[in-house]
Every structure is written in structure tokens, then in C-alpha cells.
Amino acid sequence: MRSLVALCLISAGALFAQPAGISACPSPTVWSPCELAFELSAEEATRHPEPWRTVELSAEVKSPRFRTFLAEGFWDGGQKLKIRFTPTEAGAWELRLTSNIARFDKQQINLSAVAATAPGFLQRANVHHWRTIGDLQPHLWTGVDLWDWTQAGPESTAALQARKATHVRTLLAPQWPPNPARFQQLERALTEWNQAGLVVDLVLAEANNNFTDALPDWPTREKYLRYLLSRLAPYNVTWELVREWETYRDARSLLKDMAAILTKYDPYAHPRTAHTKSSSSAFQRDGWMTHILVNAAAPSIAQVEHEMYRLPIVAIGPTSSPRALLDVVFASAYPGSNTNATVHGILESTRYWDLTPHFDVSNGRSLALPGTEYLLLVERPGIVEVEVEKHGYRITWINADTGERQTEKKEYKGEHFVGETPTKTGNWILHLEREGRKEGMRNSYKFESRPILAQEPEVDPKRLPFTIDVNDNTEIKAGNPVPYSVTITRDTRATRFMQYLITAEVATESQGQRILATVDKGSFTIPAAVATKFPAVVNFRVAALNANGKLYYLDRVLRLVE
């Protein structure tokens with residue numbers, strides 16, 4: 001107790017000893033932003049009429065465990081400057097100031113952060129899932145779009161909570177020089193959402209080259225992003241670099257450079273990706289993304305890319321019906337837009353963060369933690385079959401439209417479950433679970449209950465069970481529809497249900513890979529935006545996933561002309 005009192009007195013003494021014009025948050029709380037406020041004198045303001053451009057101010061922040069990071073100061077309007085940081089652990093924090101304002105330079109401020117029950121920021125875990133850093137617990141990502149953050153308020157926040165959302169997506173269009181009043185309004189929304197338990201997925205620019213048009217050169221872009229990070233990184237956010245990256249010229253190099261700045265100056269390493277019309281997987285090999293966004297209207301994108309990439313997948317888009325959202329969930333993606341309480345309740349009743357695709361089923365799509373839990377989305381009401389490990393399982397039928405659960409009185413014991421949906425209509429989910437096993441796992445907490453292995457796709461043309469009527473060196477005119485058909489050459493039980501992802505990319509350009517189709521026949525169009533120079537060599541790929549979960553690649557090289 002004496003040591004605690006002494007620490008408080010030392011901290012208070014350090015604060016009162018600071019020069020006039022500096023103040024700090026009196027009692028910082030872990031996982032809540034803390035601010036240091038600075039006021040320029042009349043003489044300093046005269047020397048620095050554009051503080052955002054000429055004033056240098058930063059703090060070397062040292063945590064109780066001696067982790068050090070840089071918190072940059074920002075102009076907050078008039079003669080006001082601030083440094084904002086978020087304590088990530090309880091205890092004594094030390095801030096050493098550096099500035100070209102002499103009376104702020106080389107000053108030291110000591111603060112004591114108080115512990116809180118907040119879960120903390122997000123971190124990727126278990127390959128395809130998430131956990132919170134503060135309590136190391138699994139995080140269910142269920143999102144809603146609210147593009148206009150000026151509409152934030154108690155009523156809209158309550159509506160988000162009623163839908164059991166854990167994320168809200170919004171947009172901040174770039175502007176330089178900065179407008180502090182605009183940022184202050186956004187920060188009020190961020191504070192309200194974070195306090196309500198919502199993570200904010202912040203899109204940093206509108207579509208159609210908004211970022212590059214508003215910030216025409218890289219020195220300005222870097223200044224803007226660093227200003228934005230100094231203000232917003234201390235909140236519980238994720239970064240979605242631009243809206244609909246497909247509408248940007250040289251998107252791959254642009255996003256890579258933006259991400260490099262975020263990676264360098266975001267001390268909390270918030271999750272990063274790009275908003276998309278189809279998928280952001282085009283940039284996964286560049287190493288800066290923490291997760292992939294995909295179009296929720298085409299669940300096969302999520303299903304195939306789940307096997308292709310070792311990154312979490314979040315599905316976004318206008319999908320709103322419970323069945324459509326569950327198609328996303330059973331494609332091993334989190335519903336990142338238009339979630340609802342029914343879907344969240346279904347996820348919450350399972351160990352969703354441990355579930356992976358399970359292919360030994362009939363009449364449905366399944367996720368499982370083998371030997372513990374099986375979840376099957378019924379394709380057509382009627383008879384379903386599931387291969388399970390030999391144990392006793394509680395049988396529950398879930399009405400996917402209402403979330404209502406019907407548990408059978410008798411357990412199932414065996415290895416091959418056969419059952420029938422309660423009705424011949426509606427959307428149904430079968431839930432087989434070992435209650436005692438799950439309870440034991442909860443009590444002896446272990447986030448990653450089994451290793452998740454990467455699949456090696458089959459690329460040998462002799463082993464592929466399909467072909468496509470597109471030949472190497474075929475000349476394709478950009479923007480013109482091209483008929484195609486995928487033909488199964490080896491008819492087996494596994495090839496009777498195939499999912500496809502057809503993509504194209506000009507490897508020598510920075511425009512990014514485009515998804516052309518997700519079905520076995522129709523027409524595809526290679527947009528002219530994939531290249532800036534013609535003729536161009538296009539890498540054309542058909543990725544296919546069979547009913548047993550086996551992944552295949554069929555590659556072609558095409559010639560794209562204007």
C-alpha cells in the first residue's frame with residue numbers, strides 16, 4: 001500500500017512539475033486513450049502560424065514492462081497540440097518529450113495506468129480467427145456498415161448492439177491540411193462505439209482514386225497518414241485502406257506503400273486490409289495484410305480462398321437474410337456486414353474459432369472440431385448424414401431464420417449420424433456437440449486446440465479432374481465477354497460438387513488480381529484496368545475445390561489486347 005501511495009505521489013509530482021501549457025489525463029485506464037495537451041504561447045504561435053506543418057512534437061512512450069514506442073503529436077486547432085496514446089497494461093508509464101518548441105523539449109511525464117476489464121485490441125490467432133490482446137479470449141467478428149459516422153449517437157449505437165454487432169464499418173475521406181474539428185467529431189463517434197464494445201473498421205478513402213486525387217504526392221500522403229495515425233491509432237480500430245480497391249489505378253503499389261506507413265507508425269499493429277468489390281486476396285503475397293475481405297454475395301470466394309490462404313476471411317456486402325449470412329459463415333468467413341442477433345447467437349453457441357470445413361457430409365455444408373462439435377447447414381430440408389468420431393453427441397436442430405433451438409432427448413452414439421430436419425421447409429442447422437468436452441475445454445482454456453495445416457494444391461495437369469475450354473496464348477480483347485465452360489474429366493463422388501474461383505492478373509503491372517467468375521460455365525470479362533500497356537500477358541487461373549476439400553489449380557497464359 002505504501003509503495004502504491006508513493007507511486008501516485010511521484011506521478012502527481014512529475015505532472016505538477018511540468019512547464020505551464022502542458023496537462024495530462026489525471027487517471028489513465030488500460031485500453032482507453034490518454035491525452036497530453038499542449039498550449040502554444042502567443043510568441044510560439046506567431047513563429048508557427050501553421051502548426052501542422054512546422055511544429056515537431058513526439059513522445060517516447062515506455063510501458064511498465066519497458067516496451068517502447070513513439071507517439072507523435074498532432075495539431076488540434078488554434079494553438080493546441082496533443083499527444084495521444086493508449087496504455088496496454090497497468091502500472092507506471094513514462095513519456096519523454098522531443099520537440100522543436102524549447103519548453104516542451106526533453107520533458108518527462110510519469111503516469112500510472114489503472115487496470116480495466118476491457119478485452120483490448122484485436123490480434124490474428126489460430127490462422128483464420130481472432131483474439132483480443134487484453135484477455136486473450138476468442139473474438140467473434142460480426143459487423144454492420146454505417147458509412148456516415150456523423151450519424152453516430154446513442155440511438156444508432158443501441159441498434160448496433162441489438163443486432164449483436166461487434167464491428168461497425170465507416171469511412172473517413174482524406175483531406176490536407178487537416179481539419180481538426182472534423183477529426184474531433186469522428187473521435188466522439190469512435191469513443192462512443194468503443195465504449196459500447198464495438199471495434200471500428202475504418203476505411204481511409206472513398207472509391208475511384210479518392211486517396212490519390214486528394215493527396216497528389218507521397219510527401220503529402222505520408223504527412224496525412226501520420227497525422228491520422230497519431231490521432232486515431234489509440235482507438236480500437238482496424239484499417240481498410242481504400243474503398244473498392246478495384247477502382248484505383250496502380251492499386252497494388254499504392255496499397256503496399258500506404259500499408260508500409262501504417263505498419264511503421266501504428267504502435268498497436270491494428271489489423272490491416274483493403275475494402276473490395278470481390279476480394280482483397282490480390283495483395284496477400286505482399287505481406288502487409290492481416291486478413292482478407294471478400295464479397296458476401298459469392299460464398300464460394302470465401303470457401304476456396306479459405307483453402308488457398310492462411311489468413312482470416314471477413315465477408316462484406318449487401319447480404320442481409322439469415323440464410324445468406326450463414327452461407328458466409330459456413331464458407332469459413334466472418335459476417336462483416338449486415339449481421340444480426342440470430343447469426344451471432346448461432347456463432348456464440350459454438351467454438352466457431354476452432355471449427356474448420358468438414359467434408360464427410362451429405363445434403364449440407366459443415367464445420368467441425370472433430371470429436372467435439374459438428375455444425376451442418378442443411379442444403380434441402382430432409383435427410384442429412386454426417387461422419388463423426390465415435391462418441392456420444394447431443395443433437396440440436398436450429399431454425400436458421402429465428403435462432404430457435406430444438407434439442408432431442410436422446411443422445412447419438414456412433415460414427416455415422418443420419419437424421420431428418422424437424423420440418424420439410426425452412427432453413428435448418430444441425431448441431432452435434434459433446435457438452436462435457438466443450439465445458440472442459442472452457443475451464444482449461446486453450447485457444448488453439450489443434451494444429452491448422454496448410455493445403456498443398458494439386459497443379460499437375462495429369463491429375464486435374466477438370467479442364468476449361470480456354471487455351472494458352474489465346475488472344476482476349478479487354479472489356480469483351482468471353483464464353484467459357486469447365487468440363488469434368490473424371491466423374492467421381494468428389495467432383496459432383498465443385499466450387500470455382502477464376503482469376504486473372506498481369507504480373508508485370510501493379511493493378512492487382514481480378515476475380516472473373518465463380519461458376520463452371522458462362523462468360524468472363526477481363527477489364528482493361530488490369531493493364532496500362534497492351535498487348536499484355538495475363539496469368540489466368542482456375543482454382544477449384546472438390547467435395548472432399550481438395551484444392552486444384554489450372555493455369556493458362558493469355559494475351560490481352562485493347
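## The disulfide

Search the whole structure and you find one disulfide. This is a predicted model, so keep that in mind throughout. The bond runs between Cys-25 and Cys-34, with the two sulfurs 1.7 Å apart. As a reminder, a disulfide is a covalent bond between the sulfur atoms of two cysteines.

Which hand does the link have? The torsion about the S-S bond is -60°, and that makes the link of Cys-25 and Cys-34 left-handed. As for solvent, both Cys-25 and Cys-34 are buried.

## Strand β22 and its partners

Now for β22, which covers residues 383–399. Strand β24, residues 412–420, pairs with β22 in the antiparallel sense, and eight bridges hold that pairing. If you want a spot to look at there, find Glu-387, which sits opposite His-416 of β24. Strand β25, residues 428–433, is antiparallel to β22 as well, this time over six bridges. Here you can look for Ile-395, with Leu-432 of β25 standing opposite.

Strand β19 is made up of residues 361–362 and runs antiparallel to β22, joined to it by two bridges. One end of that contact is easy to pick out: Val-361 has Val-386 of β22 as its bridge partner.

## The β22–β23 hairpin

β22 also pairs with strand β23, residues 405–407, through three bridges, and again the two run antiparallel. Trp-397 is the residue to find on the β22 side, as it stands opposite Gln-406 in β23.

What lies between the two strands of this hairpin? There are five residues between β22 and β23, and in this hairpin Gly-403 takes a positive phi near 85°.

## The chain as a whole

Step back and the chain has 12 helices and 33 strands. Its radius of gyration is 27 Å, close to the 24 Å the globule rule gives for 562 residues, so the chain is as compact as a globular protein of that length. Measured out along the principal axes, the C-alpha atoms fill a box of roughly 80 × 65 × 40 Å.

How much of the chain is buried? Of its 562 residues, 54% count as buried. On the outside, the chain exposes about 24,200 Å², and carbon and sulfur atoms supply 50% of that area. Looking at contacts with a separation of 6 or more, 65% of them come from residues 24 or more positions apart.

Terms used
Residues numbered from 1 in each chain as written. Predicted model: local features only at pLDDT ≥ 70, side-chain atom pairs only at ≥ 80, totals over all residues. Heavy atoms only, no water. Disulfide = S-S within 2.5 Å. Buried < 20%, exposed > 50% of the residue type's maximum accessible area, 1.4 Å probe, protein only. Pairing = 2+ DSSP bridges. Helix = DSSP H or I, 4+ residues; strand = E, 2+ residues; numbered from the N terminus. Rg over C-alpha atoms; globule rule 2.2 N^0.38 Å. Contact = heavy atoms within 4.5 Å. Areas by Shrake-Rupley, 256 points an atom, 1.4 Å probe, with all protein chains shown as cover.
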